[in-house]
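Reader: Could you walk me through this model and tell me how each label is earned?
Author: Gladly; here it is.

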Amino acid sequence: MLDINTLLLDFRITSYCNLDCDLCFRNPGIADQSTESALKVLDKMYQVGFRRVGFTGGEPTTRKDFLVLIEHAKKLGFMTYLSTVGHRFIMDHERLNGVLDWVGMPIDGIEKQTNCDIRSDKMGNQHRVIKDILTWLSQTNNTINIKLTTVVSQTNAHQISDIVRWVNSFPYKIQSWRFYQFCPLGVGKEKRDKLEIDTDLFISTMKQTKNEFPDLPLSWATFEERDKANIVMEPNFDVIIPDGENYTYLCNMEKDSPEQIIHHIFGQPEIMQKCENNRFWLDEMEFVS
Ligand code: SF4
C-alpha cells in the first residue's frame, strides 16, 4: 500500500502560465510564495516523511528559481519529477541532469491544427518541441527518465495511433507514456463541450493503440481513475485533491502540524489506493541519478 515514502506529491510551484490551453486544469490566480518559503516547505515535507515530489504548475519553469527548488529537493533526498511543456528543457538540461529523476512533457497532436484545437495557438508547434528534444536526447548523455503525456479528447482520439507511430520513429526511446481522458477541471471545465470524450471510446482507443504497439510503455487513466488519484499542493501550500469537477481541501503544508498533515492525507484508504494505481509507472524505474 502507498505510504508517505512512496506518495508523489505534486507541488504547483506557480499557478502562472501564459500558454492558454483549453484543456488546462490548474486553478489560476494563486500568488507565488517566496523562494525562501518554498525551500522551507520542501524541508518540512522531508521532515514529515515525504520522499517524492513533482514540480508542476502552471508552467513551473516560469518561476526564476525553479532549478534552485529542484536542486534543493534532490539535495534533501527526494525523488524529483518535473511536469513542463519542455520549451526550456534542452537549455536547462545540464543543470537538471543529475538532480531530476523524471520529466513529463505533453504531446497531444502531430499537426498544428490539433494542437491549436486542444490547447492553444501558442502550443501549435508542441510536436516540434518534442521532436527536437527526442532527437537531441539520442546524442546526449542523459540520466533523466522521459515521460510523455497525452490528453485524449474528442479532438485527437482518432489520431492517437498516428501520434504514437510518429514518436516511435525517433531514435530516442522514452521510459513512459501516459494517456489521460480529458478531465473537466479548473480552466478546462469551460471547454467541456469541445473536448469531453466518452469513457468507452477512450478505453477502446487506448486498447487498440496498445495492441498496435505492445512493446511501448503506454498506459492510460480514465477521468474516474484520476479522480481523487493525486495529491496536489498549490503555490500557497494548500494541499488539495481533485474531487469530481472540483478540488477538495485537505490541509496546509506550511501551517499544519506533521500529525495533521499525515492524518488528512493518509487517513482515507480510498484516496491512497487510487493514488497508488495512478502512479504505478514510477515503481520500477524510480531513481536514475
Ligand atoms: S495546460 Fe499546462 S501549458 Fe497549458 S495553460 Fe495549463 S499550465 Fe500552461
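**How the labels are earned**

Author: By class, 5 nonpolar, 2 polar and 4 charged residues make up the shell around the ligand. Here Ala, Val, Leu, Ile, Met, Phe, Trp, Tyr, Cys and Pro count as nonpolar, Asp, Glu, Lys and Arg as charged, and the others, Gly among them, as polar. This is a predicted model: local features need pLDDT of at least 70, side-chain atom pairs count only at pLDDT 80 or more, and totals for chains, interfaces and linings use all residues. Residues are numbered from 1 along each chain as its sequence is written.

Reader: Which residues surround the ligand?
Author: They are Cys17, Leu19, Asp20, Cys21, Cys24, Arg26, Gly57, Gly58, Glu59, Val85 and Arg119. A residue is near a molecule if its C-beta atom, placed from the backbone, lies within 6 Å of it.

Reader: Why is Asp20 called exposed?
Author: A residue is exposed if 12 or fewer other C-beta atoms lie within 10 Å of its own, buried if 20 or more do, and partly exposed in between, with C-beta atoms placed from the backbone. Asp20 has 12 C-beta neighbours inside 10 Å, so Asp20 counts as exposed. Its phi is near 60°, a positive value in a residue other than glycine.

Reader: What makes Phe237 buried?
Author: Phe237 has 21 other C-beta atoms within 10 Å, and therefore counts as buried. Phe237 also has a positive phi, about 75°, although it is not a glycine.

Reader: What is the peptide bond from Gly57 to Gly58, cis or trans?
Author: That bond is cis, with omega near 25°.
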